[in-house]
Amino acid sequence: TGSSRPQRMLKAVQKNATKGDPESVISAIDYYCRHKEWAMNVGDEKGLILDSVLTEVNPSTALELGTYCGYSTVRIARLLSPGSKLITVEFNPAFAAVARQIIAYAGLQDKVTLVEGPSGDLIPKMKARFGIKSFDFVFLDHWKDRYVPDTKLLEDCGLVSEGSVLLADNVICPGAPEYLKYVRNSPRYESRYYKSNLEYTKVEDGLEKSVFLG
Ligand SMILES: O=C(NC/C=C/[C@H]1O[C@@H](n2cnc3c(NCCO)ncnc32)[C@H](O)[C@@H]1O)c1cc(-c2ccc(F)cc2)cc(O)c1O
Ligand SMILES: [Mg+2]
């Protein structure tokens with residue numbers, strides 16, 4: 001059988017990027033997905049918003065839900081201060097295998113822990129397994145109908161504290177209407193919408209940044 005889209009993306013990284021250079025890995029994926037084969041990475045345009053929020057938060061501990069091929073994992077990990085950690089959760093073993101190779105190609109494997117399994121099972125184990133007190137930053141980019149249940153789970157597990165920042169991809173396209181209602185109507189969040197475009201297209205999409213108020 002032929003290769004998968006994630007495998008072709010990995011090949012493009014190995015062919016066009018420089019080992020140990022995260023910027024070249026990001027550019028290689030963006031070029032491939034814009035000119036050869038679209039894929040659901042947060043992309044270069046929304047990626048700049050992700051970068052700016054990350055630089056502002058400067059998290060010591062970060063969480064990503066939905067690794068996919070590791071594009072946003074590389075974008076986040078490359079901006080972490082020394083000693084900071086990113087945990088990324090992916091339940092599709094084939095995607096996780098590609099992501100591990102892309103993260104390693106970027107030379108960021110020491111900053112990233114990729115955990116395989118469903119977020120609903122793994123979130124309650126975060127404190128015990130990784131000694132996490134709480135996450136300073138959470139990037140939500142997995143199934144859109146899981147944003148609300150997983151946010152509630154993070155709250156119930158005490159994994160968000162005052163000042164923790166949630167950044168959610170795709171709140172317009174494909175859309176996460178229940179999530180927008182949840183964070184925008186809750187007195188426990190201060191939310192702001194960053195208008196942008198769906199990766200590699202002119203279709204509107206955006207990121208929602210929500211600060212947990214405790
Ligand atoms: O659907 C989108 N993303 C989903 C991501 C899924 C990834 O995350 C993994 N995953 C999912 N749920 C969980 C889970 N927990 C939940 C289940 O237990 N625990 C662990 N891992 C999980 C999957 O295995 C994938 O690797 C999307 C679509 C468009 C799009 C826009 C326009 C179009 F026309 C087409 C597509 C654009 C985007 O930027 C998008 O992010
Ligand atoms: Mg997305």
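In the predicted model, the largest pocket is lined by 32 residues, and those lying nearest its centre are Met40, Gly66, Asp141, His142 and Trp143. The space within this pocket amounts to about 510 Å³. When the lining is sorted by class, 15 residues are nonpolar, 11 are polar and 6 are charged. Several secondary-structure elements take part, in that α4 (71–77), β2 (85–90), α6 (119–122) and α9 each supply at least two residues of the lining.

Asp141, one of the residues nearest the centre of the largest pocket, also belongs to the coordination shell of the magnesium ion (ligand 2), to which Asp141 (OD), Asp169 (OD) and Asn170 (OD1) contribute at 2.0 to 2.2 Å. Along the chain, the donor residues of this ion follow the spacing D-x27-D-N. Distant parts of the chain are thereby linked, since Asp141 is placed in the loop between β4 (137–140) and α8 (147–156), whereas Asp169, 28 residues apart from it, is placed in the loop between β5 (165–168) and α9 (171–175). Both aspartates are buried; for Asp169 the relative accessible area is 0%, and this residue therefore falls under the 20% limit for a buried residue. The side chain of Asp169 is, in addition, engaged in a polar contact of 2.7 Å with the side chain of Lys46.

Ligand 1 is surrounded by 23 residues, the closest being Glu90, Ser119, Asp141, Asn170 and Glu199. Asp141 and Asn170 thus appear both among these closest residues and among the donors to the magnesium ion (ligand 2). With respect to individual atoms, an N or O atom in the side chain of Glu90 is found 2.5 Å from an oxygen atom of ligand 1, and for the side chain of Glu199 the corresponding separation from an oxygen atom of ligand 1 is 2.5 Å. A polar side-chain atom of Asn170 is placed 2.7 Å from an oxygen atom of ligand 1.

The backbone shows several further features. Most residues other than glycine have a negative phi, and most peptide bonds are trans. The peptide bond from Cys173 to Pro174, by contrast, is cis, with omega near 5°, and Pro174 lies in helix α9, an element that also supplies at least two residues of the pocket lining. A positive phi of about 45° is adopted by Asn58, although this residue is not a glycine; Asn58 is located in the loop between α3 (43–57) and β1 (61–65). Tyr200, likewise not a glycine, has a positive phi near 65° and is located in the loop between β6 (189–197) and β7 (204–212). With a relative accessible area of 42%, Asn58 is partly exposed, whereas Tyr200, with a value of 11%, is buried.

Two further buried positions illustrate how separation along the chain relates to separation in space. Ser164, in the loop between α8 and β5, has a relative accessibility of 3% and is therefore counted as buried; although Ser164 and Val211 are 47 residues apart in sequence, their C-alpha atoms are 5.7 Å apart. Ile26, in helix α2 (residues 22–35), is buried with a relative accessible area of 5%, and its C-alpha atom is separated by 35 Å from that of Ser186, which is 160 residues away along the chain.

Note on methods:
Residues numbered from 1 in each chain as written. Chains lettered and ligands numbered in written order. Predicted model: local features only at pLDDT ≥ 70, side-chain atom pairs only at ≥ 80, totals over all residues. Heavy atoms only, no water. Donors = N, O, S within 2.8 Å, 3.2 Å for Na, K, Ca; no water. Helix = DSSP H or I, 4+ residues; strand = E, 2+ residues; numbered from the N terminus. Buried < 20%, exposed > 50% of the residue type's maximum accessible area, 1.4 Å probe, protein only. 1 Å grid on protein atoms, 1.4 Å probe; cavity = no way out; pocket = protein on both sides within 12 Å on 5 of 7 lines; lining within 4 Å. Points joined across faces, edges and corners; volume = space filled by probe spheres on them. Nonpolar A, V, L, I, M, F, W, Y, C, P; charged D, E, K, R; others polar. Near = heavy atom within 4 Å. Polar contact = N/O pair within 3.5 Å; in protein donor to acceptor, adjacent residues only side chain to side chain.
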